[in-house]
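Trainee: Can we go through this one together? I'd like to begin with the strands.
Mentor: Fine, here it is.

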Amino acid sequence: MRHTAATAFALGALCTLLVAPSRGASPLSLLQAARAREMILGLDLEDARRTLEGQPSEAPEIPRERGRLALYEADCDAAASALAPLALAKDEEGSMLLDIARGCARVTAAVVEDRDDASGVVVRYQDEADRALTPLIVETIIKARTSLSRDLGVTWPAPMRVIVVRDLLSLSAMTGLPYESAQTTGTVAVAKWGRVTLLSPRASQHGYAWRDTLAHELTHLAVTRLTVDRAPLWLQEGLAKREEVRWRATGPFDDRPSADAVARRGIDKKLDLPLGNLGPSIAMLPSAEAASAAFAEVTSFVRFYATTAGDAALKQLLAELRGGKNVDDALKVASGSDLAGWDTKWRAEIMKRASEPVPGLDPPSVDPKALSALRDRVRLTELLFGREHFAEAQTELTQAARSPIVARDPSFAYLTARVTERAATAELARASVADPVRVAGSYGPWWAVRGRLAQSAGDAAVSEPSFIEAVGEDPFSIEASCRSLTPAAPALSPPASALCAAARAASEPDLGRN
Amino acid sequence: MRKPRDRRKKRDLGRDVEDALGNFTFLWRATLRVPRARAIAALGTLVFVLAMLLARRGTAGARAGAIAAGVLTAAAVAVMLLRERRIWMDPSRIIDRLAGRAMPEQAARAQRALSLLDADGQPADGSVSPVLTRLHVARALAALPGDAIAGEATRVARRFGLAALALTVATIAAISSNPWGVVEGMDIIVARSGAAPVGMPWLDNPVLTARPPDYLHQEERRLRLGDAAQLPRGSVISFRGAPLHAGRKLALYDGVDEVPFVDDGAGKVIARWPLERSAELRVVARFGNVRIEDADTTPVKSLSDLSPVVELEGAPRQLKLVESAAPVEIRYRATDDHGLREVHLVLRSGAREERRVLAKLDGETLSDRGGYVLKASDAFFKKSHAPIAIVVEAKDNDPITGPKWGASAAITAIPPDVGEPETRRLAALRTLRDAYVDATAHVLANALPQLPAARRALTDQEDAEHLKNGLLLDETLSTSYAGVTIAGRVRALLRAQAQKLDEAMRAEVRAPTAATHAALIKATETMTLVVDGVMRGQGLRDARSSAKQLVEVADDLGLGAAQSQRAGEAERGGQRFSAASIVLGGGQRQLAAMGVLGRDLSGAVGAALKRAERAGTAGDWPHAELAARDLAARLRQPDPSFGAKGSGSGHASGESGAAAGGGSDEGGGEAERAFNEAAQDLENLAQEHAGAIGDVERALSQAQSQDDLDALRNDAAEHAKAVREALGAMPSIGTGSDSWTSKGAASKELADQMARSLEQGNPADAVQSGRSALQALDEARRIAQRTRHFEDDARRAGARIEEARRKLEPEVDWAAKQLDELRKKASQRAGGELRKSGAGEEKLADRAGKLSEKAREQGSLPEPAIDALGEAEQLARDAARALERGDAELAMRLQHDAQRQLEAARQALGQDDGQDEADRAREGKAEGDDGAAGRADIPKADAHKGPEEFRRRVVKGLAQPGSARQRDAIKRYAEGLLR
């Protein structure tokens, strides 16, 4: 394998030498630049630094790689300085890198940084109010690294860099992902340039599964390191979807809806794309629905591959890609069949499944007027609750509950629990959120009210995991992080207490008071 | 060894020898003493005179040359005397001097005899007797011929005498060439720092005059040489006189500058000194680098034109704009010592400045008084979030140093935080919403009792609550919140819903049944949802517009940080940075109260501000600037931090997160949607109807026969002439906007327009202009009648106006008659087109009727709009019938009436509400920014006829003569545009 890798690198370097513009660059410099690039992409940044040391800067390749290295080391000011001359020289790749370096420099200017040297984690926060997340981020990274090392055999460079940004615009500036694309597909994190850029959970009104997202992005970094960024998109995303939940215990909403079901739906609706033609990023697909179908497709496919060929075949596939083989050759070596062969097998397996509606993606067809009336009813319930007219809120809620649309809606279940707690009894309210199977998907406030109600009933077996799930979704919800809606919160550990204080500082109004 | 002879020591030759030589020496020297002294004196004098004349050139070289000549001459004389003295100490040289030339043989013999003695007077040969040797020498010397020596001495003395005479003649000649020049030379040669020590007069009877600058309109005045004077800056001081010594370069000098004298053409010289600063003027003569000044100086004090003084009533003071929507009244008085040119109202906030002209004056007015009202809704106030300095500045007419501005003390207006008025408005809406939520809870909680009395009590209670909420609604809708109000369209929506709620309440009060109670519950719920929707929608818009306003402030923060990095600007940069930080902090607080998006943006502002301030505090200005730019970039995209553009919130469904429900709806529910739909229908109807009117006008215009127009043009020439003559006695220029002359001039202008329209064959415009001219004449007559200051003039004007009106009226009637005839003919020709238009008009009437009916059923539009729609429908039907009949004139009148009703309906929805316009303007800027940065759909040419119709109407309107009533307003408007 080592021999193949060396040959591939030599060929690559030779090609670089042949096609590289002369512009006064010595062949040795170009060779060093190509080597440094490989090292940077493989996240061996120290090696890359040593390789670039003392190299002359006449040819654009050397400053370009220096800039790239600085970008990977999160030194965006230095990256911008190194790359600025390339933009003047109209170096296309250099200009692209410069744009990202400048965006990064702008977004990370004067941000605060939390460093956990023992764990090899450095987290920067665009909004310092997010610093309360540090213990949870570090914990997630440690667990995910362990899980990924186990599953993929990856070793980790130190430090692991995470930047928590406040909005999609900053995410876009940091990563080069077009803003429109980020908005369209609802991208919340990107693993690129040797780091994870994560959208703060406070950006979304009720948060999102940010800890799983972090694990997902770490998988991307692992695959990039293992393959020197040669893994195809389907493998990257498929593995990331597979690994994003393997760092923790299985949850009630994992694989709900099932990736196979969504993939089948995508095939039925002709939303599926050829695995080898997913484009540069799923985040750049034209719609959230297309992105969802693509995610399901690659998740289902990789799961099928791993299940059928085994974990060893997965590791070998990555190794072959690192060696420079193309996907088909690598798949053949690792598993005896090329991509087309695996695709055929997978599709045959998927098509054996019966088509089924996917909650969330296939809402029951409803008369728009009825939907509008339901929305009004729900809003009235919230408003009456907000003004503490609990009985009247219950009246409205009862009418709204007649609609089949809300039967498995976690947000309606949350509303029901809150209203019932005040209008009837806490016991009834607890019953309304007792079973995760009764709701279609994970929802931070639902977990939070479930935890709080269970806590008040002394049921720690339910409350603890509920609060963990709630914080994993919506850490800046007072109910989730303070485990109470009143200022008199129960005694919390120092990190949890800091998170509770951050949630209170966010001062989101309670239900019906917005 | 022979000792060196001491040349300075006289040789001791013995008494005999010395006696023999002494006699000859005495004779020689006595003969020459006087002539030689005379020659030396004459030489010295000549050299001195020449040196002074040379020194008078005044250059450094000349002065050095003169001094050198004197010194050299003296040295030469001294050397000669010294040499002479030495000759007389040496017997050998004495013999040469006395006899060497006249008796060489005797002299040689004497020298040989003398050589027998050495330097000490002893015989050179030691074997010889000294006595005998000396005796021999004495005899040899005595043998020199005394007469011959005396004769030689006399000849030499004669030569000295002749030389002295020649030198004296030369000296006299030199002096007589420039006698005063020697004196000047003497003065110049001892000059220090370019000035000779001794002053001299240069002008005979100098005359001094001063002419103040033209703009002061003051007379020329005489000054006395040597007397102090005070003159306005820019005055020209003239010195005139006859030069006492010809050929001198004379100039006026104040210690710094010189103005040369020039020939005045009358045998005198003159110099004109422009007074720029206080000075001590004197006449000087310039000799190279040296001047010889006149002893008399004339001190002149320059009086500067003072800056205007402006007093602003009530200044200095501070006022908070948020506390009152009352306008800021500006009253000022500006004065100047010489004249005012302009008075400006100046508004400054941060780096922004706006100047508004309060008065333009003739430059001679010494005092101006006036006022101005700054509304709380003034655009400058709206855009400013840093303190605003309001000052009045006046400019004088000083052309010498350039106009100077004088400024009043400032009234400092403290604007509200960005978004503060909007937050107040939102708070009011929230209070209203809460009231209706409570009302909803009340009607939900209280079912109708069975007992009539209890039922009555409940309905009374509900009615009372309803009335209370109605009052709160009125108050909410009519209040101005630090300059912002509820938009007209929103007011219309809420009033329409309130109207429905009223009806439900009245129905229950009339007949309290389960059905009416259910209807009341429904109406109350709807009202609650509409207010809630309005509030949240308003919050969303306010958050966006506030964010857009904060963009400029964030840019300013960045500029402040950038300035702080530059040497010399650090202090200003720091101040700018601090001011922007304060404004952003205020904006952050206000945004937090603007709903979901507002809280989101508030957090973004807070986070970025902390970064920038942290970096700034650490002196890391480059990163402070970057953080500020990051904030500005964020605020330029006031979208939710996560979620689609335009939504109020977002819920992540990202790359790896699980998909979940979307954000909450910020809309106003069914009622608002119905309102918006109806409003859009009305908008479309009004635009299409305006287009239909245009179609009829176009059809009539196209149906006009060229022959008819040509015939009219032929007849019109005479009438046009008559029209011009009728108004010939009216003034061409008015003397003020409220004077009869102004109205008279307007009437003349309008009549001229009428005449031109007639000549162009355009009777419609001619009639309109003619009627406007008659109106202007009526106004002129009224003003003339009430004017008391010019009674005679007014009486005469009345007669002139009457005469003009008497002549113009029949011409207008004639044009109107021609127009009627043309239209009748055109109507007949355009019959088919008109009938087609009639059918179209009928359809529009149907649409108006249906819209009115639907709005009444749904309660989606307020009552005045529905009534106006009904009126419009009826008028459109009448117009359609008139078009069917081919009665184009009536049809057009009815169509215009119908259009007015449609416009009235639109106005009832707040379409033309001023606050709407302000809000739209503010948001328009924001949207404009979006447009520049992002995509904008370009409508197809046929997609929307509004702009085309509007352009058509504007072009037509501009082509028509304006009425005299609006003339002044139009003029002011046009001036405003030009300014």
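Mentor: This is a predicted model. In chain B, five strands make an open sheet, ordered β2-β1-β4-β8-β7, with antiparallel pairing.

Trainee: Which strands are the edge strands?
Mentor: β2 (221-223) and β7 (262-263) of chain B, each of which pairs on one side only.

Trainee: How many bridges join β7(B) to β8?
Mentor: Two, and β7(B) runs antiparallel to β8, residues 269-274 of chain B. Within that pair, B:Val262 stands opposite B:Ile270 of β8(B).

Trainee: What about chain B as a whole, how many helices and strands?
Mentor: Chain B has 26 helices and 17 strands. It has 979 residues, and 43% of them are buried.

Trainee: And chain A, how many of each there?
Mentor: Chain A has 24 helices and five strands. Of its 514 residues, 54% count as buried.

Trainee: What share of the contacts join residues at least 24 apart?
Mentor: Counting contacts between residues at least 6 apart in sequence, 62% in chain A join residues at least 24 apart. With that same counting, the figure for chain B is 72%.

Trainee: Changing topic. How many residues does each chain give to the contact?
Mentor: Chain A gives 57 residues and chain B gives 52. On the chain A side, the elements that give two or more residues are α6 (92-108), α8 (168-175), α10 (210-227), α11 (233-243), α13 (288-309), α17 (368-386) and α18 (390-401).

Trainee: Which one gives the most?
Mentor: α17(A), with seven residues on the side of chain A that touches chain B.

Trainee: How do the residues on that side divide into nonpolar, polar and charged?
Mentor: On the side of chain A that touches chain B, 24 are nonpolar, 18 are polar and 15 are charged.

Trainee: Now the packing. Which residues touch the most other members in the largest nonpolar core?
Mentor: A:Leu71, A:Ala101, B:Ala612 and B:Ala627, out of 292 residues in that core. Helix α12 of chain B, residues 514-564, gives the most to this core, with 16 residues.

Trainee: What is A:Leu71 in contact with?
Mentor: Setting aside neighbours within four places in sequence, A:Leu71 contacts A:Cys76, A:Ala79, A:Leu97, A:Ile100, A:Ala101, A:Cys104 and A:Trp193.

Trainee: Which residues does the second core include?
Mentor: The second core is separate and has 48 residues, among them B:Ala39, B:Ile40, B:Ile188 and B:Val283.

Methods
Residues numbered from 1 in each chain as written. Chains lettered and ligands numbered in written order. Predicted model: local features only at pLDDT ≥ 70, side-chain atom pairs only at ≥ 80, totals over all residues. Contact = placed C-beta atoms within 7 Å. Helix = DSSP H or I, 4+ residues; strand = E, 2+ residues; numbered from the N terminus. Nonpolar A, V, L, I, M, F, W, Y, C, P; charged D, E, K, R; others polar. Buried ≥ 20, exposed ≤ 12 C-beta atoms within 10 Å, placed from the backbone. Pairing = 2+ DSSP bridges. Core = buried A, V, L, I, M, F, W, Y, C linked by C-beta atoms within 7 Å.
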